[in-house]
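Here is a quick walk through one chain, from its core to a couple of its loops. Keep the structure open while you read.

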Amino acid sequence: MMQCAKRFAVAFVHRNRWENICAESAKTCRWSAARVIHTSSATLEFHEYDKRSGYDTGLDYAETRTERIRLALKQLKKEIVLWKNEMKEMLEADPILDYRAGEVDIFWRFHDHSSLDKWIVNCDSDHALGFSKCDLKISSQGYGLFSGNLCSQVPKDGKIQNSGYCNILTKRVAKSFMRDSYLDWTAYTHLNLRVRGDGRSYLLNIHVSGQFDITWNDVFTFILYTRGGPYWQSVRIPFSKFFFASKGRIQDRQSPLPLHKISHFGITVSDKADGPFQLEIDYIGADFDPNHHEETAYEMYEVKQNYIIGT
């Protein structure tokens, strides 16, 4: 009997001791959880490493180390010139304070060959996605000429389902030393162009690429209808008419065009009408209309959860 009592007393003491140790350990863990700074590495959740998804960026690349050094020194001279211009503009501190109605501020004009350096030309055949061809050059009359041959024939590789596009796109807006920047068009209400077309329909694309990869393909689009014939036409489109799309698909949730973060401007032909095309461009700009107050021309409705539209 005495032996059983001794064993019970020893077990009781050991249990109390372990309970005290566990309680102290729990207190320490709670204090550690509240005080310790976690330094674990960030988890990569996105796997889009190329903002252009393999398409031309307009930058020069070299294979050998010597060629890379030569291109780097050449680019460094350009970046220093850009930096000097930025410093000069900052010191002058002469912003535009008054935007007068009816005045067109021109952003891109095609009057010499140096103006073509600001643009990237590509089509489906450049990436083995089709057979279209296009080019951007200065016409005999001294204007920009976007021309080529559109072909919607699909390559027989069993992967590609649609084909037939040609596109011109401005290079990414950037500051000196390859720092990404944006165009700020918040003071304007209308896009303004002077073109001479061939009767086709073209897409005017305003890109608003964001910081994260899910927004790299965000674009606001509107259709440019050309008359054809020998006469020029002045086109004036409210920014509120541009609709939101991503990777060629119009989004259900529309939003106003963020005019303060424009990264690119482009023109695309992809109307499935095979054959030659040409679009002559004098200038691309914008203007201000004090009587225009519309932010977006499209309904801002909420899509119900788990609601899928079949196509």
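Does Phe107 count as buried, exposed or partly exposed? Phe107 counts as partly exposed, because its relative accessibility is 25% and the buried class stops under 20%. Keep in mind that this is a predicted model.

**The chain as a whole**

The secondary structure comes to two helices and 15 strands. The chain has 311 residues, and buried ones make up 33% of them. If you take the contacts between residues at least 6 apart in sequence, 74% join residues at least 24 apart.

**Aromatic residues**

Back to Phe107, which belongs to one aromatic cluster with Trp108, Phe110, Trp119, Trp185, Tyr188, Phe222, Phe239, Phe242 and Phe265. Searching the whole structure turns up 14 aromatic pairs. In one of them, Phe107 meets Trp108 edge-to-face, with 6.1 Å centre to centre and 75° between the planes. Trp108 counts as buried, because its relative accessibility is 10%. Another pair joins Phe239 and Phe242; this one is tilted, at 6.2 Å centre to centre and 35° between the planes. Phe239 is buried, with a relative accessible area of 3%, and Phe242 also counts as buried, at 1% relative accessibility.

**The core**

Which residues have the most contacts inside the largest nonpolar core? They are Phe239 and Ile284, in a core of 39 residues. Strand E15 (residues 275-287) gives this core its largest share, five residues. Leaving out residues up to four places away in sequence, Ile284 touches Ile106, Phe107, Trp108, Phe110, Trp119, Leu191, Asn192, Leu193, Phe265 and Ile267. Several names there are familiar from the aromatic cluster, including Phe107, Trp108, Phe110, Trp119 and Phe265.

**A pocket with Phe239 in its lining**

Phe239 turns up again in the lining of the second largest pocket, along with Thr186, Tyr188, Thr189, Ser240, Pro256, Leu257, Leu259, His292, Glu294 and Glu295. Tyr188, like Phe239, is also part of the aromatic cluster. About 160 Å³ of space lies in this pocket. By residue type, the lining divides into five nonpolar, four polar and two charged.

**Loops worth a look**

Two lysines have a positive phi, and neither is a glycine, of course. Lys247 is in the loop between strand E12 (243-246) and strand E13 (249-250), while Lys272 is in the loop between strand E14 (264-269) and E15. Here they are side by side:

| Residue | Phi | Relative accessibility |
|---|---|---|
| Lys247 | near 55° | 62%, exposed |
| Lys272 | near 65° | 48%, partly exposed |

The classes follow from the cut-offs: Lys247 counts as exposed because its 62% is over 50%, whereas Lys272, at 48%, is partly exposed.

What does Asn217 touch, not counting residues up to four places away in sequence? Its partners are Ala245, Ser246 and Lys247, so the last of the three takes us back to the loop between E12 and E13. Asn217 itself is found in the loop between strand E9 (201-207) and strand E10 (218-225). Along the chain, Asn217 and Ser246 are 29 residues apart, yet 5.4 Å separates their C-alpha atoms. Asn217 is partly exposed, with a relative accessible area of 26%.

Notes
Residues are numbered from 1 along each chain as its sequence is written. This is a predicted model: local features need pLDDT of at least 70, side-chain atom pairs count only at pLDDT 80 or more; totals for chains, interfaces and linings use all residues. Side-chain values use heavy atoms; hydrogens and water are left out. On a 1 Å grid over the protein atoms alone, a cavity is a set of points where a 1.4 Å probe fits but cannot get out, and a pocket is an open set with protein on both sides within 12 Å along at least five of seven lines; lining residues have an atom within 4 Å of a point. Grid points are joined across faces, edges and corners, and a volume is the space filled by probe spheres set on the points. Ala, Val, Leu, Ile, Met, Phe, Trp, Tyr, Cys and Pro count as nonpolar, Asp, Glu, Lys and Arg as charged, and the others, Gly among them, as polar. A nonpolar core is a set of buried Ala, Val, Leu, Ile, Met, Phe, Trp, Tyr and Cys residues joined through side-chain atoms within 4.5 Å. Buried means under 20% relative accessible area, exposed over 50%, partly exposed in between (1.4 Å probe, protein chains only). Helices (H or I, at least four residues) and strands (E, at least two) are DSSP runs, numbered from the N terminus. Contact means heavy atoms within 4.5 Å. Rings of Phe, Tyr and Trp (its six-membered ring) pair if their centres lie within 6.5 Å; planes under 30 degrees apart count as stacked, over 60 as edge-to-face and the rest as tilted.
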